[in-house]
Structures are given as structure tokens and as C-alpha cells.
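Welcome, and thanks for opening your viewer. Could you please show me around this structure, one selection at a time?

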Number of protein chains: 2
Amino acid sequence: MRSNAEDLTTRARIRDAAIGLFGRDGFTRATVRAVASAAGVSPGLVIHHFGSKAGLREACDRHVLAQTATQGREKTDPGSTRQLIQDYLNHPDQYANEISYIRQSLGDESAAGDAFFDAVVRQTQDIIQDGIDAGTIRKVDDVRSTAVVIASNSLSILMLGRHLSRTLGAVTPEPHGIGPELLRHLTLPALDIYTHGFYTDSRFLDAARDALRQDTPTKEGSMPRDPGNRRRGVA
Amino acid sequence: MRSNAEDLTTRARIRDAAIGLFGRDGFTRATVRAVASAAGVSPGLVIHHFGSKAGLREACDRHVLAQTATQGREKTDPGSTRQLIQDYLNHPDQYANEISYIRQSLGDESAAGDAFFDAVVRQTQDIIQDGIDAGTIRKVDDVRSTAVVIASNSLSILMLGRHLSRTLGAVTPEPHGIGPELLRHLTLPALDIYTHGFYTDSRFLDAARDALRQDTPTKEGSMPRDPGNRRRGVA
DNA sequence: TCAAAGACTAAACAGCTGTTCAGCCGGGAT
DNA sequence: ATCCCGGCTGAACAGCTGTTTAGTCTTTGA
């Protein structure tokens with residue numbers, strides 16, 4: 001999205017190379033030497049600039065987080081959100097490194113991953129609340145829990161993109177596997193469920209509600225009673 | 001689920017220890033020495049039995065895959081599925097290692113992860129087809145794509161369990177973060193969406209359908225036209 | 001102009017990694 | 001009894017890891 005040329009500060013070049021390698025190989029497998037080599041620099045300089053590999057990772061965390069935060073700023077503005085998606089579909093490679101990096105952060109437990117997930121949930125909750133107020137989204141009992149479910153569903157594409165593209169036979173952009181073709185495959189089925197639901201009646205929902213009502217919420221340990229036939233194989 | 005005592009073969013003890021450590025720390029971070037130590041054995045013996053660390057991993061893949069395959073065998077039988085869930089809720093720790101291991105396999109690209117994901121999709125597709133035939137699940141245009149969406153949503157709990165438990169304030173069983181309390185939080189919101197849908201009308205679905213229809217599916221590269229306001233921020 | 005500071009490198013260091021090797025031990029077959 | 005073979009160990013090896021160090025080059029500032 002920004003200047004792809006090599007007019008960047010050496011420090012920034014190292015950071016960007018690290019984001020790419022961390023996203024592709026993970027924080028453990030990506031080595032300081034590989035980052036240095038990708039940035040055209042000696043390993044010592046990486047440490048000189050960032051103190052340690054952990055420091056380099058923190059710098060990458062801060063940078064990716066700041067970048068995605070400015071993008072998520074225009075959350076309740078539907079027009080800019082659409083433009084953002086369109087922008088991504090036109091230039092998928094531009095965001096590839098950040099996407100992969102966030103995927104790694106969400107998997108490999110880290111404070112940055114926590115922060116990103118919380119931001120997505122918060123943002124989703126705002127969108128849902130606005131949608132409810134505008135009448136485009138059904139009124140739900142618990143907005144926060146619903147936001148968590150929706151966010152989890154959305155982020156599953158990020159976490160499982162490689163598998164999704166593979167089983168659907170879509171082209172698989174490296175390394176995250178998320179491309180326009182994948183979104184084209186998933187959009188209608190997902191929106192169909194979000195629009196018309198998945199079950200024909202409220203049988204499963206009622207059963208689960210009953211089961212949860214009579215389920216004594218013991219604060220720790222196993223559940224004493226059969227919770228019933230909640231979530232039969234799916235969900 | 002089987003004998004937890006130490007009447008196992010040394011080879012099996014090493015394998016089980018490896019499954020635990022691989023699931024907790026990932027395949028790279030978990031070392032042969034750590035596995036050996038956890039199994040009460042010398043590092044050389046691990047190599048002696050499995051040839052290499054990669055061979056050990058393959059053995060773990062085979063074992064976890066076989067174990068989950070036998071469990072998924074009774075897929076279309078709702079009673080046994082319910083019993084399986086109940087069994088898990090009563091003895092969550094029993095499955096913790098396998099769950100974590102599968103999570104790692106799905107994230108860290110591997111043939112075992114691919115096989116597991118495909119099995120889940122296949123199984124989900126069968127369940128959906130049966131549900132449609134029985135009238136409990138709405139008839140959908142594309143059963144396979146719908147199955148992929150449902151499977152992706154379901155597996156997101158596995159991939160993001162730690163985050164879900166954290167933001168919901170639920171107890172977080174190590175290391176995967178999936179416990180009864182988390183399921184208790186998510187069941188009703190998820191089933192509510194699956195039962196009543198999420199949007200109030202088909203506005204978003206229709207818009208996406210129109211956008212996809214007029215979208216020339218170029219087989220490679222960027223999309224030439226604005227795909228429209230599909231999936232506004234969520235989904 | 002000179003000195004201080006920072007960017008940068010090449011080499012080395014210590015620690016950890018997977019793996020190998022020589023050999024010990026115990027139990028079954030000959 | 002002897003042989004031997006597989007389970008098993010402890011030590012060692014080579015390679016890679018993050019990091020340090022000594023030193024060079026370039027820029028900057030008074």
C-alpha cells in the first residue's frame with residue numbers, strides 16, 4: 001500500500017523483512033540470520049537495531065498492530081470498509097505479509113495476538129450494535145457473545161485459509177491461502193446462513209436452551225448433568 | 001480414554017509424551033530431549049525407536065489421526081455424537097493432548113492437518129445432507145461449500161479457543177483454552193444465528209449475489225470490477 | 001578540522017539442536 | 001552355558017541458534 005521501493009530506512013527494511021519471514025515461517029523457525037539476509041544486512045545489525053530477537057518481534061508487533069488499527073478506524077463507515085475490501089481484492093499481495101503475521105500471532109500465543117483479537121471483537125460488536133439500531137441485524141440476547149461468535153467465524157478464514165482454498169480447489173496464494181477466489185466461494189454460503197439461518201426450526205436451539213437452564217454452572221471441573229443434545233455435530 | 005497407567009510400551013510412552021509436547025509447544029519448539037525427559041527415557045532411545053524427529057512426528061500424526069477417525073466413525077448417529085460430547089464435557093482433560101495436537105497440525109502446514117481438515121469437512125457434509133433429507137436443515141444451493149463454511153466456523157473454536165475463553169472471561173484450560181464454560185458461552189449465540197439467521201432481510205445476500213454474477217471470474221490475478229458491498233465488515 | 005557518534009560488518013562465542021556411536025544389560029534361542 | 005539381539009544409556013559430534021565483540025566506515029556537529 002505504501003512505497004514498495006527501497007527508499008526505506010535500514011531499520012524499517014529489517015522490520016519489514018522480519019514481518020514477512022515471521023509470518024511465513026513463524027517466530028521460532030524464522031532466524032535472525034534469515035531476516036538479516038532478506039534485508040541485505042548482517043546479523044549483528046539486526047541485534048544492534050532491536051536489541052534482541054524478542055525486541056525485533058515487539059517492533060514488528062507494534063508496527064502491524066498500528067497499521068491494522070488505522071485501517072480498522074473507519075469501522076462504522078460502510079463505504080470505507082467496502083473500499084478496503086475492494087482494495088484488498090485488487091491488490092492482494094500488498095497485505096499478504098500482514099495477514100500472515102497476524103495469523104501467526106493469533107496462533108502462537110502473544111500479547112499482540114491478544115490485542116488484535118480483542119480489537120476485532122470490539123469492532124464487530126460495534127458493527128452489530130449499529131446494525132441492530134439501523135434494523136439490518138436481528139436483535140440478539142447477548143451482543144457481546146454474538147460478536148465473539150461472528151468474529152470467531154470471520155477469523156477462521158484467516159486461520160484456515162490454506163485448508164479452505166485447498167478443499168475448494170481455489171488458487172492458494174502463499175503463504176496464507178486467502179485470495180479472491182476463496183472469498184468468491186465462501187461469500188454466498190456464509191451470507192445465506194447469516195440471512196436465512198441453517199436449521200429449519202428452533203428445535204436444536206430450544207433443546208440447548210433447556211439443557212443449559214437446568215445445568216448447574218459449577219464454577220470448576222466437570223459438569224454433573226447431561227447437557228442434552230446441544231450442537232449435534234456441527235457448530 | 002484408554003489406560004492412563006504406565007503399563008504402556010516404552011515406544012507408546014514416548015509417542016504419547018511427544019503428542020503432549022508437540023501439542024503444547026509446537027513441532028519446532030518441542031525438542032527431542034524434552035520428549036525423552038517427559039517419557040523418562042534417554043534422547044538416543046527416541047531416535048532409536050522412530051529414526052528421527054520427523055519420524056516421531058509421523059508416528060504421532062498416524063496415532064492421533066487413527067484415534068480421531070475411530071471417534072468420527074459414528075458420524076450420522078446423533079446419539080453417539082451426543083454421547084461423545086457429553087463424554088468430553090465430563091472428562092475434558094482426557095482429550096486435551098489430542099485437541100492441542102490437532103490445533104498445531106492445522107496451523108503448521110502438514111499432511112496430517114490436511115487429512116484431518118478434509119475428514120471434518122466430509123463428515124460435516126454428510127451430516128448436512130442427512131439433515132436436509134430429514135428436514136431439520138434448510139435446503140442449500142451448494143452442500144459442499146456450506147459444509148466448508150460450517151466446518152470452518154466449528155474449527156475456529158479449536159484454533160481460537162484461548163482467545164475466546166479470554167475475552168469471555170471463562171476458565172482457560174491449558175493449553176488449548178477449550179472447556180465446558182467456553183462452550184456454555186458460545187452455544188446459544190451460535191445456535192441462535194444458525195436457527196434465526198443474523199440479518200433481518202436478504203439485502204446483503206442479494207447484493208453479494210448480484211455482485212458475484214456480474215463479476216467475470218478471471219482465473220488469475222486481480223479482479224477487474226468492483227465486487228460491490230459484499231460482506232460488509234462481518235462474515 | 002577534528003572528534004564523537006552512530007551505522008555497519010566479520011568473526012567468534014556459548015548454548016542448544018538433532019543425531020550418532022560405542023557399549024551395557026537382560027532375556028530368549030541354540 | 002553361550003550367543004546374540006533389541007532395548008537402552010551416556011557421551012560425544014556437527015551444525016545451527018541468538019548474541020557479543022572488536023573494529024571499520026560514514027555521517028554529524030562544534
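Is the crossing of H8(A) and H9(A) left-handed or right-handed? The crossing is right-handed, a word used when the near helix is turned clockwise from the far one by less than a right angle, with anticlockwise giving left-handed.

Before we go on, a note on what you see: this is a predicted model, in which local features need pLDDT of at least 70, side-chain atom pairs count only at pLDDT 80 or more, and totals for chains, interfaces and linings use all residues. Residues are numbered from 1 along each chain as its sequence is written, chains are lettered from A and ligands numbered from 1 in the order in which they are written, and side-chain values use heavy atoms, leaving out hydrogens and water.

**Stop 1: two helices of chain A**

Select residues 143-168 of chain A for helix H8 and residues 180-196 for helix H9. Helices here are DSSP runs (H or I, at least four residues), numbered from the N terminus. The two pack at an angle of about 135°, with axes 11 Å apart. Axes are lines fitted to C-alpha atoms over the stretch in contact, and angles run from 0 to 180 degrees between N-to-C directions. That angle makes H8(A) oblique to H9(A) (under 35 degrees is roughly parallel, over 145 roughly antiparallel, 65 to 115 roughly perpendicular, and the rest oblique).

Now show the side chains in contact (heavy atoms within 4.5 Å): H8(A) contributes residues including Ile150(A), Ile157(A) and Leu164(A), while Leu182(A) and Tyr194(A) are among those from H9(A).

**Stop 2: DNA strand D**

Next, select DNA strand D. Of the 16 residues around it, Thr31(A), Arg33(A), Lys53(A), Thr10(B) and Ser42(B) come nearest; a residue is near if one of its heavy atoms lies within 4 Å. H3(B) supplies the largest share of this surface, 4 residues.

Zoom in on the polar contacts (pairs of N or O atoms within 3.5 Å). A side-chain N or O atom of Thr10(B) is 2.9 Å from a phosphate oxygen of strand D, and a polar backbone atom of Ser42(B) is 2.9 Å from a phosphate oxygen too.

**Stop 3: DNA strand C**

Finally, select DNA strand C. Here H3(A) gives the most to the nearby surface, with 4 residues. Look for Thr10(A), whose polar side-chain atom lies 2.9 Å from a phosphate oxygen of strand C. Then turn to Arg33(B): what lies 2.8 Å from a polar side-chain atom of this residue? The partner is a base nitrogen of strand C.

Definitions and conventions
A polar contact is a pair of N or O atoms within 3.5 Å; within protein, one must be able to donate a hydrogen and the other to accept it, and residues adjacent in sequence count only if both atoms are side-chain atoms.
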